[in-house]
Amino acid sequence: MPGIYQFSVDTLLTEVKEASDLGVLAVLLFGIPAYKDAVGSSAYDPHEAVQQAVGAIKERYPEVMVVTDVCLCEYTDHGHCGIVEGEEILNDPTLEILSKVALSHAAAGADMIAPSDMMDGRVAALRAALDRQGYTYLPIMSYAAKYRSAFYGPFRQAAGSAPRFGDRRSYQMDSANVREALREAGQDLREGADIIMVKPALPYLDVIRAVRESVRCPVAAFNVSGEYAMVKAAAERGWLDEKAVVLEALLSIKRAGADIIITYHAKEAARWLQEESI
Ligand code: PBG
Ligand code: ZN
């Protein structure tokens, strides 16, 4: 992914400063752990990258909103988002581990958590765990409609989180299904989600629109790695006007109904939008 890097905690601070100087005042952190095991224990290790990074950012740049990804796939040696028995994903035992992850992020000072694992009942489980420990104010942005998508390819390569066996079809959604997205969104809201996310964005603009019309909370859209990589590859070949294409694509996500856009183009888009308004 050209222009996208893994950061150590110290270099991340420079990146956050650059982003916030451009007006990008919120970041979403994913971790690359020092070790992996069957149950993803490094995901809730207070000495690991995400927990350390949250603390460092909040100390230096308290005005920047720090959102953390809550999932296990970067942290498990098998690369699945939950714990497994044989080739099966164990939903409920995974909820206990995800709760520990969320609590470790909260303890580090995260402003919001974003569970992307897609286990059933995880918003309720995380909400209860956070509330029990006094983090009643901490919002949850739920990946409510996360489709099983080939557009996650570059991310999995960059984060080393591709599943070692099978695929994610038992927990991520079927691309053909829109009504399920509405059901998942409703369910997550009843469980206590504060923001509902649709992912990917561009191939699912109809889903963003449908969700926008069915819920009253903010809707977020995740413009994923494959969407970013396509534009970058074409722009490198001189086949597209990158600035115009990116701004048009982001606008289309907004038009579809997203209140929040998560995108790897954030810094350059912010720069381009500043140029536009001069
Ligand atoms: C995993 C996760 C994925 C992304 C974010 N969290 C990939 C996956 O489900 O395999 C994808 C992000 C992107 O492609 O930009 N929980
Ligand atoms: Zn995952």
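**Exercise 1. Which residues coordinate the zinc ion (ligand 2), and what geometry does its site have?**

*Solution.* Let's start with the donors in this predicted model.

- Step 1: Cys71, Cys73 and Cys81 coordinate the zinc ion (ligand 2) through their SG atoms, at 2.2 to 2.3 Å.
- Step 2: Along the sequence, the donor residues follow the spacing C-x1-C-x7-C.
- Step 3: The site has four donor atoms, and the angles among them run from 96 to 123 degrees.
- Step 4: Four donors count as tetrahedral if all angles lie between 85 and 135 degrees, so the site of the zinc ion is tetrahedral. For comparison, the ideal angle for four tetrahedral donors is 109.5 degrees.

**Exercise 2. Describe the shell of residues around ligand 1.**

*Solution.* Now over to the other ligand.

- Step 1: There are 17 residues around ligand 1, and those that come nearest are Arg156, Gln172, Lys199, Ser225 and Tyr264.
- Step 2: Sorted by character, the shell holds 10 nonpolar, three polar and four charged residues.

**Exercise 3. Which side chains have a polar atom 2.9 Å from an oxygen atom of ligand 1, and how much of the accessible area of ligand 1 does the protein cover?**

*Solution.* Take the contacts, then the cover.

- Step 1: An N or O atom in the side chain of Lys146 is 2.9 Å from a ligand 1 oxygen, and the side chain of Arg168 also places an N or O atom 2.9 Å from an oxygen of ligand 1.
- Step 2: For Tyr264, the distance from a polar side-chain atom to a ligand 1 oxygen is 2.6 Å.
- Step 3: On its own, ligand 1 has 400 Å² of accessible area, and the protein covers 100% of it.
- Step 4: Finally, the space that ligand 1 takes up is the largest cavity.

Note on methods:
Residues numbered from 1 in each chain as written. Chains lettered and ligands numbered in written order. Predicted model: local features only at pLDDT ≥ 70, side-chain atom pairs only at ≥ 80, totals over all residues. Heavy atoms only, no water. Near = heavy atom within 4 Å. Polar contact = N/O pair within 3.5 Å; in protein donor to acceptor, adjacent residues only side chain to side chain. Areas by Shrake-Rupley, 256 points an atom, 1.4 Å probe, with all protein chains shown as cover. 1 Å grid on protein atoms, 1.4 Å probe; cavity = no way out; pocket = protein on both sides within 12 Å on 5 of 7 lines; lining within 4 Å. Sits in = over half its atoms within 2 Å of the grid points. Nonpolar A, V, L, I, M, F, W, Y, C, P; charged D, E, K, R; others polar. Donors = N, O, S within 2.8 Å, 3.2 Å for Na, K, Ca; no water. Tetrahedral: all angles 85-135°; square planar, octahedral: opposite > 155°, others 65-115°.
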